[in-house]
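Me: I am new to this structure and would like to understand the reasons behind the words used for it. Please show it to me, and then let us go through it with care.

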Amino acid sequence: MNELITCVLAFDNDTEVGKMVKTFCNSGAIAKIILVGEAELSGEGLNNAVIIRGNLGCAKTLFKLSGFITTSYTLLCTKALPFDMGQNALHRMVQVCTCSGAGMVYSDYLEEKEGVTKLHPVIEYQEGSLRDDFDFGSLTLFRSEALIAASEAIDQQFEFAGLYDLRLKISQNYKLVHIPEFLYSEIEMDSRRSGEKIFDYVDPSNRIKQTEMEKACTAHLKAIGGWLPPKFREISFSDGNFKTEASVIIPVRNRVKTIGDAIKSVLSQEADFKFNLIIVDNYSTDGTTELISTFADTDNRIIHIIPRRKELGIGGCWNVAINNPACGKFAIQLDSDDLYLDNTVIRQIVASFYEQRCAMLVGSYQMVNFNLEKIPPGLIDHKEWTPENGRNNALRINGLGAPRAFYTPILREIQVPNVSYGEDYALGLSISRNYLIGRLYNPLYLCRRWDENSDSSLDVARMNTHNFYKDKIRTLELWARQSMIREDQ
């Protein structure tokens, strides 16, 4: 393989970019280097590289750099940090790209973090891998003809969504192929835990970026026949014979430190209709069961259920609750870690169902620590959800918000996947295919973040499992929507 590749490197300072240029020039496979960044460079050690001012998220920058590409393949490096290429790494990337007909290939890598090197496998790309934070690693190899064509078709107004739009457009005509081999090493500078990173997409400071990402995803869904117009089935709220208007549902396992607060926040609710609390106690062993019993013994609004089956996840516990005869017309979510903001929440939710005529309702929540003190990013209101495009944008974002509430007959018809991660997201996607999801943008809920949250600090393998599952949910939902659209034509 002799000089088949144009190498595009992001940069932010002289020292690191010089090391990167040297690394890639020594590979013997690089015909040209294009540097993309905002910083001033001295020019030393840059080996006659082309320098483009800008950032790789900008559509105009991508369009400009595509004009300098004359090789069959283009290597894109998105981190301005040194890399260590593995044995025959570039050769392997080109080989797989050539043999598979891929428009882009990416690989597993080694990650050095705080002086420790660990394996960092990534996951397979699916049709439903529509989230803009998909982890390809920092080195991706493109078939140049695919990259150039996509760059020319990107919305030139994008300042941040250029790379995202690029790979969506490439995926419309080519495969995106994962090489399950550790082909390079990189340094990881983001030391945050998984439980902190997952809220980046709802951080208000990222709103402009997220608006661009939504626009790119919407255009992609229209191009592949997966976009739904804002037309919904009507709901009458007359199905079933419910003795109770609303039920709060709490699945719980081993939350003796927090379940009491959650129960008290429900029992303190004030409403002019009947409501109850259904707690599905999934074989707790830390005293949770006994604590729930002390509340249930003194308040007949509490239905304390220990399920017959022992293999249930959170979704399975929800099914136990919603199929119970005591479940009300509206089923309202509360996690065992969390609590409602005040005593009006249930009343607000039920009123909003009747006002908005929706099958599912999503509120807003305030992020707090274990002691209920406010923490960043603060209020999570999911304003990216709109009646006009929310159900399409739902295929891009990683969650639909909280607290969630449902019209029980529709929930009983669909049922909840028996898993403990992503079950609420799968349910929301399925409902939104046909029905309106309503919104309450004022805070209803205190979301308590602490070390015992299920997603507080996950290793790469667990994060990959969760992300693969959510991508699979998106893929299945996308297929269902494409099929529905074809049938309606």
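Me: How many helices and strands are there in the chain, and what makes a stretch count as one?

Reply: The chain holds 15 helices and 18 strands, where helices (H or I, at least four residues) and strands (E, at least two) are DSSP runs, numbered from the N terminus. This is a predicted model, in which local features need pLDDT of at least 70 and side-chain atom pairs count only at pLDDT 80 or more, while totals for chains, interfaces and linings use all residues. Residues are numbered from 1 along each chain as its sequence is written, and side-chain values use heavy atoms, with hydrogens and water left out.

Me: What radius of gyration does the chain have, and how does one judge it against a compact globule?

Reply: The radius of gyration is taken over C-alpha atoms, and the globule rule is 2.2 Å times the number of residues to the power 0.38. For 489 residues the rule gives a value near 23 Å, and the chain has 25 Å, which agrees with a compact globule. Along its principal axes, the C-alpha trace spans about 80 × 55 × 40 Å. Among contacts in the chain with a separation of 6 or more, 81% are between residues 24 or more positions apart, a contact being heavy atoms within 4.5 Å.

Me: Why is asparagine 392 called buried or exposed, whichever applies?

Reply: Buried means under 20% relative accessible area, exposed over 50%, and partly exposed in between (1.4 Å probe, protein chains only). Asparagine 392 has 1% relative accessibility, and therefore counts as buried. Its place is in helix α12, residues 390-393, and, leaving out residues up to four places away in sequence, asparagine 392 touches Leu221, Gly226, Trp227, Leu228 and Arg481. Over the whole chain, 55% of the 489 residues count as buried.

Me: What class does lysine 64 fall in, and why?

Reply: Lysine 64 has a relative accessible area of 49%, so it is called partly exposed. This lysine 64 belongs to helix α2, residues 59-66, and its C-alpha atom is separated by 40 Å from that of alanine 426, 362 residues apart along the chain.

Me: And why does asparagine 88 get the label it has?

Reply: Asparagine 88 counts as exposed because its relative accessibility is 51%. Asparagine 88 lies in the loop between β5 (83-85) and α3 (89-100), and its phi is near 55 degrees, a positive value in a residue other than glycine.

Me: What makes helix α14 largely enclosed by the rest of the structure?

Reply: Helix α14 covers residues 423-432, and 9 of its 10 residues are buried, so the helix is largely enclosed by the rest of the structure. Among those buried residues are Glu423, Tyr425, Ala426 and Leu427.

Me: Why is helix α10 described in that way too, and what covers its buried residues?

Reply: In helix α10, residues 314-322, 7 of the 9 residues are buried, so this helix is also largely enclosed by the rest of the structure. The buried ones include Cys317, Trp318 and Asn319, and their cover includes β10 (246-252), β11 (275-281), β13, β17, α13 (408-414) and α14.

Me: Which way do the side chains of strand β17 point, and how do you know that it pairs with other strands?

Reply: In strand β17, residues 404-407, Arg404 and Phe406 point one way and Ala405 and Tyr407 the other, and all are buried. In a regular strand the side chains alternate between the two faces of the sheet. Two strands pair if DSSP finds at least two bridges between them. Strand β13 (residues 330-333) is joined to β17 by 3 bridges and runs antiparallel to it, with phenylalanine 330 opposite tyrosine 407. Strand β15 (residues 360-368) is likewise joined to β17 by 3 bridges, also antiparallel, and methionine 360 stands opposite phenylalanine 406.

Me: What omega values go with the cis peptide bonds at proline 377 and proline 403?

Reply: The bond from proline 376 to proline 377 is cis, with omega near 0 degrees, and proline 377 is found in strand β16, residues 374-380. The bond joining alanine 402 and proline 403 is cis as well, with omega about -5 degrees, and proline 403 is found in the loop between α12 and β17.
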